[in-house]
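Here are a few exercises to work through with the structure open beside you. Try each task before reading its solution.

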Amino acid sequence: EVQLVESGGGLVQAGGSLRLSCAASGFTFDDYAIGWFRQAPGKEREGISCFRSSDGSTYYADSVKGRFTISSDNAKNTVYLQMKSLEPEDTAVYYCAADRDCTYDMDYWGKGTLVTVSS
């Protein structure tokens, strides 16, 4: 059974940092891409970053480029999202997802972790 479990969300002041984790199980980690998405209240889901294990490629949305960093610990089957210089506009539920490649509609999803950035 494929499982993706996010952790690390919480409340942080603007300008602060958080690191999200996505622990994956139930599939061959090296064959998949892991993406991070977020959805703020009343807004559409936004794909913000993705890590492709097959070649180590990383992708970032313009809204987070330069502030967020995605990384992977293949030994732990875990992908991280380091978030810095957080802004109130970053407040959302953050989800990780897995698929064979980085896409918007990925096959497997975690339940999400809430990030709240106060001004």
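**Exercise 1. Is Ser21 buried or exposed?** Place Ser21 in the fold and list what surrounds it.

*Solution.* Keep in mind that this is a predicted model.

Step 1: Find the element. Ser21 sits in strand S3, which covers residues 18-25.

Step 2: Check the accessibility. The cut-off for buried is under 20% relative accessible area. Ser21 has a relative accessibility of 15%, so Ser21 counts as buried.

Step 3: Look for the surroundings. Leaving aside neighbours within four places in sequence, Ser21 is in contact with Val5, Glu6, Ser7, Trp36, Thr78, Val79 and Tyr80.

**Exercise 2. Find the disulfides and describe how each one connects the chain.**

*Solution.* Step 1: Search the whole structure; 2 disulfides turn up.

Step 2: Take the pair Cys22 and Cys96, whose sulfur atoms are 2.1 Å apart. Cys22 belongs to strand S3 and Cys96 to strand S9 (residues 92-99), so this pair links distant parts of the chain, 74 residues apart. Both cysteines, Cys22 and Cys96, are buried.

Step 3: Turn to Cys50 and Cys102, with sulfur atoms 2.0 Å apart. Cys50 is in strand S5 (residues 46-52), while Cys102 is in the loop between S9 and strand S10 (108-109), so the pair ties together parts 52 residues apart in sequence. Cys50 counts as buried because its relative accessibility is 6%, whereas Cys102, at 23%, is partly exposed.

Step 4: Compare the handedness. The link of Cys22 and Cys96 is right-handed, with 70° about the S-S bond; the link of Cys50 and Cys102 is left-handed, with -90°.

Step 5: Count the bonded cysteines along the chain. The pattern reads 1-3, 2-4.

**Exercise 3. Which side chain makes a polar contact with the side chain of Arg38?** Describe the setting of Arg38 as well.

*Solution.* Step 1: Locate Arg38 in strand S4, residues 33-39.

Step 2: Judge its exposure. Arg38 is buried, because its relative accessible area is 7%.

Step 3: Find the polar partner. The side chain of Asp90 makes a polar contact with that of Arg38, at 2.8 Å.

Step 4: Widen the view. Beyond neighbours within four places in sequence, the contacts of Arg38 include Glu44, Arg45, Glu46, Ile48, Ser63 and Phe68. Ala92, Val93 and Tyr94 are also among them.

**Exercise 4. Where is Tyr32, and which residues is it in contact with?**

*Solution.* Step 1: Tyr32 is in the loop between S3 and S4.

Step 2: With 11% relative accessibility, Tyr32 counts as buried.

Step 3: Leaving aside neighbours within four places in sequence, Tyr32 is in contact with Phe27, Phe51, Arg52, Ser53, Ala98, Asp99, Arg100 and Tyr108.

Step 4: Now try a distance. Tyr32 and Glu89 are 57 residues apart in sequence and 29 Å apart in space, C-alpha to C-alpha.

**Exercise 5. Sort the residues of strand S11 by face and find the pairing partners of the strand.**

*Solution.* Step 1: Recall that in a regular strand the side chains alternate between the two faces of the sheet.

Step 2: Apply this to S11, residues 113-118. The covered face holds Thr113, Val115 and Val117; the uncovered face holds Leu114, Thr116 and Ser118.

Step 3: Trace one partner. Strand S2 (residues 10-13) pairs with S11 in the parallel sense over 4 bridges, and Gly10 stands opposite Val115.

Step 4: Trace another. S9 pairs with S11 in the antiparallel sense over 3 bridges, with Val93 opposite Leu114.

Definitions and conventions. Residues are numbered from 1 along each chain as its sequence is written. This is a predicted model: local features need pLDDT of at least 70, side-chain atom pairs count only at pLDDT 80 or more; totals for chains, interfaces and linings use all residues. Side-chain values use heavy atoms; hydrogens and water are left out. Helices (H or I, at least four residues) and strands (E, at least two) are DSSP runs, numbered from the N terminus. Buried means under 20% relative accessible area, exposed over 50%, partly exposed in between (1.4 Å probe, protein chains only). A polar contact is a pair of N or O atoms within 3.5 Å; within protein, one must be able to donate a hydrogen and the other to accept it, and residues adjacent in sequence count only if both atoms are side-chain atoms. Contact means heavy atoms within 4.5 Å. A disulfide is a pair of cysteine sulfur atoms within 2.5 Å. Two strands pair if DSSP finds at least two bridges between them.
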